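Okay, thanks for coming, everyone. Let me put the thing on the screen and then talk you through the contacts.

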Number of protein chains: 2
Amino acid sequence: MVTDKHYAALDQVLELAVLINDDMTRSLAQDGLTVSRTHLLWELRRRGPSTQRDLADALKVSARTVTGLVDGLEATGFVTRQPHPTDRRATLVTFTERGVRTVEEMERGQQEFARLLFAEMPEERLDCFSEALGEILIRLREASRLTDPRGGDQ
Amino acid sequence: MVTDKHYAALDQVLELAVLINDDMTRSLAQDGLTVSRTHLLWELRRRGPSTQRDLADALKVSARTVTGLVDGLEATGFVTRQPHPTDRRATLVTFTERGVRTVEEMERGQQEFARLLFAEMPEERLDCFSEALGEILIRLREASRLTDPRGGDQ
DNA sequence: CATAATAGTGAGTCAAGCTCACTATGAGGG
DNA sequence: CCCTCATAGTGAGCTTGACTCACTATTATG
């Protein structure tokens, strides 16, 4: 049985997804940054200097798309392409000074965002929320794994 | 203070947004339907026959964009354009038979989705989740209202 | 009636994804 | 050693969905 409560909760979840998305889009529209380019920067931060191939795999995007994103990020001075030390086919994407600074700013922005969402929430409620959300994510990941044509089982 | 718990919860929320988005994109890629076209269908369902202007406002999108979406939906036979009875500048977008059937199917899909996410969850936890999410949405809407250049205060 | 506002569209731009075809390089098998 | 195949990256060109600007047709108003 699906009750009204379930529907109400679903509506909340959908609204959350939309608002989070909007927020991301909006907050990054400076300095020629876009959502996708920002994803790439985050991934680069997580992995350190990487080949475009590795970035493509990590972002679940075609190699061609990464070429375009890196083109953009290079043009605006966030990253540079370096020759790969051992594989002359590959290039290493690395941060510039400016890129590092920008990512650090984005991290501060995320801290701010966490504060906005949760700072006023009593710990008990946060725990409950987090546990429920954990359950939901498990189900969602499972459903996603089953339907995703890219076969998201890593 | 922002604690590790806050960060963990934020990560969960971000993952939720991504998964929900992916799910929407994937589940609707049939019959020439896309996310935006589907949004328009939902809005049309909610409002009944509407002018493109009204749809543009409701979807917070330019009139030009709605023209394109309606073009697509008309081509695949989900909606038709009818002359407005009193204003000869305007056109009314209305469902075809097929459009109605499709929207009803989508509603069943949403029911299924609610079941997937919440059916196994004890009511207590669902209540707590929903309340916490409500708080969060209030803060998010507020933040969105402040930063949104379109001035989302209706 | 002249002017302003509104509804919709054509043309052209941009971001972000895709595929296909291509070059350059690397890795293995005879 | 060389021939073949795989891999890394890119050029060209397509799609969707957003945008703006300029335009037509119509309505509303001073």
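So let's start at DNA strand D, where the side chain of A:T67 puts an N or O atom 2.9 Å from a phosphate oxygen. That's a polar contact, by which I mean a pair of N or O atoms within 3.5 Å; within protein, one has to be able to donate a hydrogen and the other to accept it, and residues adjacent in sequence count only if both atoms are side-chain atoms. Before I go on, the ground rules: this is a predicted model, local features need pLDDT of at least 70, side-chain atom pairs count only at pLDDT 80 or more, and totals for chains, interfaces and linings use all residues. Residues are numbered from 1 along each chain as its sequence is written, chains are lettered from A and ligands numbered from 1 in the order in which they are written, and side-chain values use heavy atoms, with hydrogens and water left out.

Back to strand D. From chain B, a polar side-chain atom of B:T65 sits 2.7 Å from a phosphate oxygen of DNA strand D. And which part of DNA strand D does the side chain of A:R89 reach? A base oxygen, with an N or O atom of that side chain 2.9 Å away.

Zooming out, 23 residues surround DNA strand D, and the closest are A:Q52, A:R53, A:R64, B:T34 and B:T65. Near here means that a heavy atom of the residue lies within 4 Å of the strand. Of the strand D atoms that come within 4 Å of the protein, 72% are sugar and phosphate. By residue type, the surface near DNA strand D splits into 5 nonpolar, 9 polar and 9 charged. For the bookkeeping, Ala, Val, Leu, Ile, Met, Phe, Trp, Tyr, Cys and Pro are nonpolar, Asp, Glu, Lys and Arg are charged, and the others, Gly among them, are polar.

Now over to DNA strand C. It also has 23 residues around it, and A:T34, A:S62, A:R88, B:R53 and B:R64 come nearest. Sugar and phosphate make up 73% of the strand C atoms within 4 Å of the protein. Some pairs to click on: the side chain of A:T65 has an N or O atom 2.9 Å from a phosphate oxygen of DNA strand C, and a polar side-chain atom of A:S36 is 3.3 Å from a sugar or linking oxygen of that strand. B:R53 uses its backbone instead, with an N or O atom 2.5 Å from a phosphate oxygen of DNA strand C. Which elements give at least two residues each to this surface? They're α2 (35-47) and α4 (63-75) of chain A, plus α3 (52-59) and α4 (63-75) of chain B. Helices here are DSSP runs (H or I, at least four residues), strands are E runs of at least two, and the numbering goes from the N terminus.

Right, the protein–protein side. Contact means heavy atoms within 4.5 Å, and 51 residues of chain A are in contact with 51 of chain B. The two chains bury about 5,600 Å² between them, 68% of it on carbon and sulfur atoms; that's accessible area (1.4 Å probe) lost on putting the two parts together, summed over both.

There are 10 salt bridges between chain A and chain B, counting a side-chain nitrogen of Lys or Arg within 4 Å of a carboxyl oxygen of Asp or Glu. In one of them, A:R125 pairs with B:E135, closest N and O atoms 2.4 Å apart. On chain A's side, α6(A) gives the largest share, 20 residues. Another bridge links B:D127 and A:K5 at 3.0 Å, N to O. B:D127 is in helix α6 (residues 123-147) of chain B and A:K5 in helix α1 of chain A, so this pair joins two chains.

Last bit, symmetry. Rotating by 180° with 0.1 Å of shift along the axis superposes chain A on chain B, RMSD 0.1 Å, fitted by least squares on C-alpha atoms of residues with pLDDT of at least 70 in both. That's the relation of a two-fold axis. And 100% of chain A's interface residues are also interface residues in chain B, so the copies meet through the same surface.
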